[in-house]
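Open your viewer and let's take a short walk through this model together. We will go from the whole assembly down to a single residue.

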2 protein chains.
Amino acid sequence: MSEYRIALDVMGGDFAPEATLQGALDALSAWPELHLTLVGPEALLREKCKSKAWTSDLKQRVSFAHASMIVDFNDHPMVILKEKKDSSIRVAAQLVREGACDGMVSLGHTGAAMVASTLVIGKLEGVDRPGLASPMPNTKSTPTILIEVGASIDSRPEHLVCFGIMGSIYAEQIFGINRPTVGVMSIGEEEMKGTEVTLKAAELMRSSKLNFKGNAEGRDVWNGKFDVIVCDGYIGNVLLKSAEGTAKLLKNGIKEALTSNLLARLGSLLIMKPLRSFFKKLDYKEFGGLPLLGIQGVSIIGHGSSDARAVKNAIRAAMENIKYELPRRIAEGIAKMGSL
Amino acid sequence: MSEYRIALDVMGGDFAPEATLQGALDALSAWPELHLTLVGPEALLREKCKSKAWTSDLKQRVSFAHASMIVDFNDHPMVILKEKKDSSIRVAAQLVREGACDGMVSLGHTGAAMVASTLVIGKLEGVDRPGLASPMPNTKSTPTILIEVGASIDSRPEHLVCFGIMGSIYAEQIFGINRPTVGVMSIGEEEMKGTEVTLKAAELMRSSKLNFKGNAEGRDVWNGKFDVIVCDGYIGNVLLKSAEGTAKLLKNGIKEALTSNLLARLGSLLIMKPLRSFFKKLDYKEFGGLPLLGIQGVSIIGHGSSDARAVKNAIRAAMENIKYELPRRIAEGIAKMGSL
C-alpha cells in the first residue's frame with residue numbers, strides 16, 4: 001500500500017516534461033512508499049513512460065490524470081479559473097481537493113500555483129492569506145524559516161501573525177525545533193523601530209502564545225538568531241532573489257580569483273571538492289520547492305528552472321509535509337491561537 | 001587654500017575617538033586639499049593631536065569645534081534637538097548649516113545623523129524625504145545605486161520618484177553614468193506586478209523625465225541591469241543587512257571548506273591573495289559611508305563599526321560629493337523634474 005499520494009504537474013517548469021518525468025522516476029526509485037499521479041496530456045505522458053527506465057515495478061505506483069492545457073509563463077494566474085480550467089496545474093489541485101491525492105508539486109508558474117492551491121484546494125479555516133515558507137541556511141543544524149516569500153503582498157498585521165503561527169508549526173514539525181523563536185522583520189532590533197505594519201504585528205505577537213522575541217534584521221536571516229522570521233511577501237521575495245544574486249556574484253568572483261594566476265589555479269584544483277560541497281548547501285535545488293502553508297492539503301511550489309534533482313527534492317518535501325500532517329496541525333494551531 | 005572643508009564627528013562610532021582620529025590623520029596625509037574640523041570635547045581632541053604623527057604641517061589644515069556631549073547608541077535620534085543640543089553630531093551639522101563647512105562625516109548613530117542632516121542642515125526645496133544611497137557592487141565597472149536604504153520608511157509613491165531623481169543625479173555625477181536607467185524594486189518584472197505603492201510609483205516615473213525601465217527584482221541589485229533602483233527604506237535596509245549576512249555566511253563557509261583537509265589547506269594557501277582582493281571589493285569599509293541625498297549640504301553617514309580605513313574612505317566620499325556639488329545639482333534636478 002502507498003503511503004504518500006502526490007500529484008505532479010508534469011508540464012510545469014522550463015525543462016518540462018523531461019526534467020519533471022526524470023525527477024518523478026528518480027523519486028519513485030528512491031522511495032517505495034511514494035505513489036505519483038502524473039498530470040498532463042495523458043497520451044504524451046504514457047508514451048514517454050514507455051522507456052525501459054520505467055519498469056513495470058515502478059509503474060505500479062504511477063497513475064495518470066489527463067489535462068489538455070498548459071499554463072504559459074505569460075498567462076495571468078487567474079487564467080486557470082476560467083480559460084484554462086483543464087490545465088495540468090489546476091487538475092493537480094483538483095486531485096488534492098477531491099482527496100484523491102494528499103499533496104501536489106508544481107514548478108514554474110508561481111502565481112498560477114498559488115491560485116490553484118488557494119482557490120481550488122482551498123484555504124484552512126481561520127487563514128486569510130496562505131504563506132510560502134522558505135528554510136534559510138545558517139551555521140546551525142536547523143534553518144531559519146522565512147515566511148512569507150511571495151504568495152501575497154501588502155500584508156496587514158494580522159496576516160503577519162498568522163505567518164508566525166504557520167511558520168512555527170512548520171519549524172516544529174519538519175525541523176524538530178521545540179517552541180521556535182519568532183521575530184518580525186524590521187529595520188532595527190529596538191522595539192520602537194519598524195513600519196506601521198510591523199510595529200502593530202509585533203504588538204499582536206507579543207500578547208500571543210507565540211514564542212515571540214521581537215524585531216529581526218536582515219542579517220538575522222543568515223545567523224540563526226531566530227527560528228522563524230515573518231515578513232510581507234514583497235520583502236521576502238526581494239530578500240530571496242537578492243540573496244540568489246549575491247551568491248551568484250560571490251561565486252563568480254571567487255571563481256575568477258581562483259584562476260587569476262598559475263599558483264591560484266593550482267590551489268583551486270585542490271580545494272574544488274570541499275568548495276563544491278559548500279555551495280551545494282546553499283543551492284535551492286536541494287530544497288526542491290517551498291511549501292505553501294495555510295491550505296487544505298500539501299502544495300509544494302518549485303522554481304521554474306528546476307532540473308530533475310530539484311523535482312525529486314520537491315517531491316520529497318511534499319512527502320515530509322504529508323508525513324507530519326502539516327495542514328491538520330496548522331488548522332489546529334490556528335484554532336488554538338484564536339482566529340486572526 | 002583648502003578646497004574641501006569637512007566637519008568630522010570624532011566621537012561617533014564604536015572605536016571613537018581612536019579610529020576617527022587615525023582616519024582623519026590618514027585622510028589629511030593623503031589629500032592636501034582637505035581641511036578638517038574635528039568636532040568633540042576640544043581639550044581631549046587637542047591632547048590627542050599632540051602626538052608626533054600630527055605634524056605642524058598637517059595641523060595647519062585642522063580646526064577644532066567644541067562639543068561637550070556624545071550621542072549614545074541607546075539615545076533616541078531626536079535627543080539632539082533638545083537634551084543633547086551640544087552633541088558632536090549636532091555641532092558638526094551646525095557647521096555645515098552655517099556654511100563654515102561644506103560637508104560632514106559621522107559614524108555610529110544613523111538615526112541621529114539623519115535628524116542632524118535633515119533638521120539642522122535642512123532639506124532641499126522640493127524634497128520631502130532625503131534618501132540614503134548605497135552603491136552596490138556588480139560585475140560591471142559602475143555600481144547600481146540602491147536608494148533608499150534606511151533614512152525613512154513607509155514611503156509614498158512620490159517619495160520613490162524623488163529617490164529616483166536623486167539617485168540618477170548621484171549616479172551621473174559620482175560614477176559618470178550617462179542618463180542612468182532607473183527601476184523600481186518589485187516582485188517581478190511584469191508591469192502588473194507590485195505593491196500598491198510600487199505600482200503607483202512606476203506609473204509616475206513612466207511619465208517623468210527619468211530614464212525609467214520598469215520593475216526591478218532583488219537579483220537586479222547585483223547584476224547591473226539597472227543603474228539606479230529605488231525602494232522604500234525598509235526594503236533597502238533589510239536587503240543591505242541581509243546581503244551582509246549572506247556574504248558573512250559564504251565567507252565562513254568557504255573558509256571552512258578551504259581548511260577541510262590537508263590538500264584543501266595547501267590549496268587555500270595558494271589562492272589566499274586573489275581571494276582576499278575579491279572580498280575587498282565587497283567590503284563596505286571601502287566605500288566608507290553612504291551619502292544622504294536631498295539636504296542643503298553634504299552628509300556622509302558611516303557604519304558604527306568603522307575603523308580608520310572606513311573613516312578615511314568616508315571622508316573621501318564627502319570630498320567627492322562636494323567636488324561634484326551634489327546638493328546644488330540635486331536641487332536643480334528636482335526643480336527641472338517638477339516638484340513632487
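What rotation superposes chain A on chain B? Select both chains: a rotation of 180 degrees, with 0.0 Å of shift along its axis, does it with an RMSD of 0.0 Å (a least-squares fit on the C-alpha atoms of residues with pLDDT of at least 70 in both copies). That is the relation of a two-fold axis. To find the axis, select A:Gly267, whose C-alpha is the nearest to it in chain A, at 1.8 Å.

A word on what you are looking at. This is a predicted model, in which local features need pLDDT of at least 70 and side-chain atom pairs count only at pLDDT 80 or more, while totals for chains, interfaces and linings use all residues. Residues are numbered from 1 along each chain as its sequence is written, and chains are lettered from A in the order in which they are written.

Next, colour chain A by pLDDT, the predictor's confidence in each residue from 0 to 100. The average is 91, and 95% of the residues score at least 70. For the complex, the predictor gives an ipTM of 0.88 and a pTM of 0.91.

Now select the contact: 48 residues from chain A and 48 residues from chain B, counting residues whose C-beta atoms, placed from the backbone, lie within 7 Å. On the side of chain A that touches chain B, α8 (233-258) and α9 (262-281) each supply at least two residues (helices are DSSP runs of H or I, at least four residues, numbered from the N terminus). The largest share, 21 residues, comes from α8(A).

Finally, 100% of the interface residues of chain A are also interface residues in chain B, so the copies meet through the same surface.

How values were computed:
Contact = placed C-beta atoms within 7 Å.
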